[in-house]
Amino acid sequence: MSKKNIWFLTGSQHLYGAEALQQVQQNSETIVKAFNETEVTVVPILLPKLVTTPEEITQTCIAANADSECIGVITWMHTFSLAKMWIPGLTLLQKPLCHLHTQFHREIPWDSIDMDFMNLNQAAHGDREAGFIHTRMRLNRKVVVGHWSDPEVQQRIGVWMRAVRGWTDLQGAKFVRFGDNMRQVAVTDGDKVSAEMQFGISVNTHGVGDLVAAVNKVKPSAVAALCADYEKTYKVAPALKKGGKKHESLRYNAKLELGLRAFLEEGDFKGYTNTFEDLHGLKQLPGLPTQRLMADGYGFGAEGDWKTAALVRAMKVMDYGLKGGTSFMEDYTYHLSPKGHQVLGSHMLEIDPAIAAGKPSCEIHPLGIGGKEDPVRLVFNAPTGNALNASLIDLGNRFRLLVNEVKAVKHPKLPKLPVARAVWECKPNFKTACQAWILAGGAHHTGYSYAVTTEMLEDFANIAGVELVTIDADTRISEFKQTLRNNEVYYHLNQGFRA
Ligand code: MN
C-alpha cells in the first residue's frame, strides 16, 4: 500500500476570472498540505489540476481509473461548480468517492466581508449542487462536513482512507480453502461467485494433500530455528521445549507453519480456511501456525468460513498501524448472571495473538474432535476496552455486514480453559444485542477488533455497495426490525437480478 495515493479534486468554474481560480488553486494546496501533515492521513493526498469544465472532469476521472496507484478520490467544490459538468466523469469513475464539504476560510470576516469573499467561499451552495448530482446519480460516497483544520474532519477522512485501503487490498485478492465447508453448516457457506462480483475476492479450493506436500518439503534446520524462536517469543510449556517429552509436537507445528506459509506465499494468497473434518495427511489441526499467520496479516476463517477469512483480512488492512488488533473470533459461551450478562469469545484454537494482553503461553491439550493428535496452541487473555464484532453473511440475494459494538471486560482466571479468550458485554445490552444479532442472521464467527471502528466498516460497506447493519448503544428492537424490512426492499430493487 505504500505507493498508493488519493486524489483531491477541487471543482470550480470560470465565472470569476483567472485570479479567482489562482486563489482556489492556492487554497486547495494549503488544505492538501495540512491533511498530509496529520498522522490520520494514512494515504498521501495528491492534488491534480483544478477541474473547471466537463472535459477536464471527465479526463481526470478517466486518469484516476487508469492509475493503479490512485485508490480513491476526494471532491470539494471551492466555488459553485455546475454539477451537470460532472455527469460524464462521475458516470465513469470507479474509485471510492469522498465528498468533503468544507470552506477555505474558517470564519466570516464580519467587518470586511464583501462580494469577492462571498464568491470565493461558495462551498455552502457549491457542495449542495455537487451533493444533488451525487444523490441523483445514486453514487455511494462518504460525506464529511466541517472546517478542514478541524481534527474531527481530518479523523473522518482518515477513517475513510483506512476503509479504502481495506477495499483496495481485496481487489483481486486470492483466498484458499483447504477442503470444503464443515459438513451441514449453513452460515459459513455462501455464493463465491457473488462474492467475487461484490468484493473482488476469489475463493478457490485446494485438496489438503497439496498443503501436506508443502509441509513435507520443509527442512529440519528451519524447523529447529523456528522452535527456538517460539521459545523466545512465548511461555512455552516445559513438555514442549527442546528436550521435553512432547517437543516433537512443537517441531511438527513449526513444520506446519513453514509449509503453510510457503504455500500461501507461493500462491499469493491473502488468507485461507481449513476444517477439522478434512485433515488427511496432517497430524494436527493447525493451531499455533494459524494464530501466528493471522498475526502476520493473513485472513482466516475456521471450518471453511471463507467470508470471515476475507473480512478478517480486510479488517487487518484497515487497522494497520493502529493500537488494538483484530482476530478471528467465535461467540462461544454465555455468562447469564442476574448481575450482568456476558459473552465468552474464543475458538477451538485459532485466536490471533495480535489481541493478546501479555505474553501468550504455548500449550498442548487434546482437541476432542477431528480424531487427530493433540494440537499446540497459544493461550492468552484479551485486553479490556471498546471493541466490536463484525459478521459477513450471505442472504441469498445479497451480503449483509453486521456489526455489534461491545466492551471487553475483566473476568476471573480461567485455569482450566485451554484456549485464548475474550469476555465482553454487548451494547446496548446483552438481550437487545443478541436479539438483534439473531434477527439479522449474524453468524457465530466474526472479525473481532479493538482498532477497527463502526465508521470504518460503514465506509467499507458503502464502497462495496453492501448492506451494513449496526447494533450499538442506540439500538432499539422495534426500529431495528423496521430497518431490516426496509433494507430487504431497498437492496432487492438496488441490485435486482445481478445479485
Ligand atoms: Mn467455529
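Which residue in β14 is the bridge partner of I364? The partner is V376, and the points below place this pair in its sheet before turning to the other parts of the model, which is a predicted one.

1. The sheet that holds this pair is open and has 3 strands, arranged in the order β8-β13-β14 with mixed pairing. Its edge strands, each pairing on one side only, are β8 (235-236) and β14 (376-379). Between β13 and β14 there are 4 bridges, and the two strands pair in the antiparallel sense; I364 and V376 are bridge partners here. Helix α11 (residues 288-295) packs on the sheet and touches both β13 and β14, with its direction making about 50° with that of β14.

2. Another open sheet is built from 5 strands in the order β2-β1-β3-β4-β5, and in this case the pairing is parallel. The strands at its edges are β2 (45-46) and β5 (142-145), each of which pairs on one side only. Within the sheet, strand β1 (residues 5-11) and strand β3 (residues 70-77) run parallel and are joined by 7 bridges, with I6 standing opposite G72 in β3. Helix α2 (residues 54-66) packs on this sheet, where it touches β1 and β3, and its direction makes about 175° with that of β1.

3. A further strand pair is formed by β6 and strand β7 (residues 202-206), which pair in the parallel sense over 5 bridges. In this pairing F175 stands opposite V203 in β7. Strand β6 (residues 174-178) is mostly covered, since 4 of its 5 residues are buried.

4. The manganese ion has as its protein donors E303 (OE), E330 (OE), H347 (NE2) and H445 (NE2), which lie 2.1 to 2.2 Å from the ion. Along the chain these donors follow the spacing E-x26-E-x16-H-x97-H. The two histidines link distant parts of the chain, being 98 residues apart: H347 lies in the loop between β12 (340-346) and β13 (361-364), whereas H445 belongs to strand β18 (residues 445-449).

5. Are the two histidine donors, H347 and H445, buried or exposed? H347 has a relative accessible area of 2% and is therefore buried, the cut-off for this class being under 20%. H445, at 1% relative accessibility, also counts as buried.

6. Helix α8 (residues 208-216) packs against helix α10 (residues 247-266) at an angle of about 115°, and their axes are 8 Å apart; the crossing of α8 past α10 is right-handed. On the α8 side the contact is made by D210, L211, A214, V215 and N216, and on the α10 side by K255, L256, G259, L260 and F263. Sorted by class, this contact has 6 nonpolar, 2 polar and 2 charged residues.

7. Helix α12 (residues 306-318) and helix α14 (residues 454-464) form a further helix pair, whose axes come within 11 Å and cross at roughly 120°. The crossing of α12 and α14 is right-handed. Here A314, M315 and M318 in α12 meet M456, L457 and F460 in α14, and by class the contact has 6 nonpolar, no polar and no charged residues.

Notes. Residues numbered from 1 in each chain as written. Predicted model: local features only at pLDDT ≥ 70, side-chain atom pairs only at ≥ 80, totals over all residues. Heavy atoms only, no water. Pairing = 2+ DSSP bridges. Contact = heavy atoms within 4.5 Å. Axes fitted to C-alpha atoms, helices over the stretch in contact; angles between N-to-C directions. Donors = N, O, S within 2.8 Å, 3.2 Å for Na, K, Ca; no water. Buried < 20%, exposed > 50% of the residue type's maximum accessible area, 1.4 Å probe, protein only. Left-handed = near helix turned anticlockwise from the far one by under 90°. Nonpolar A, V, L, I, M, F, W, Y, C, P; charged D, E, K, R; others polar.
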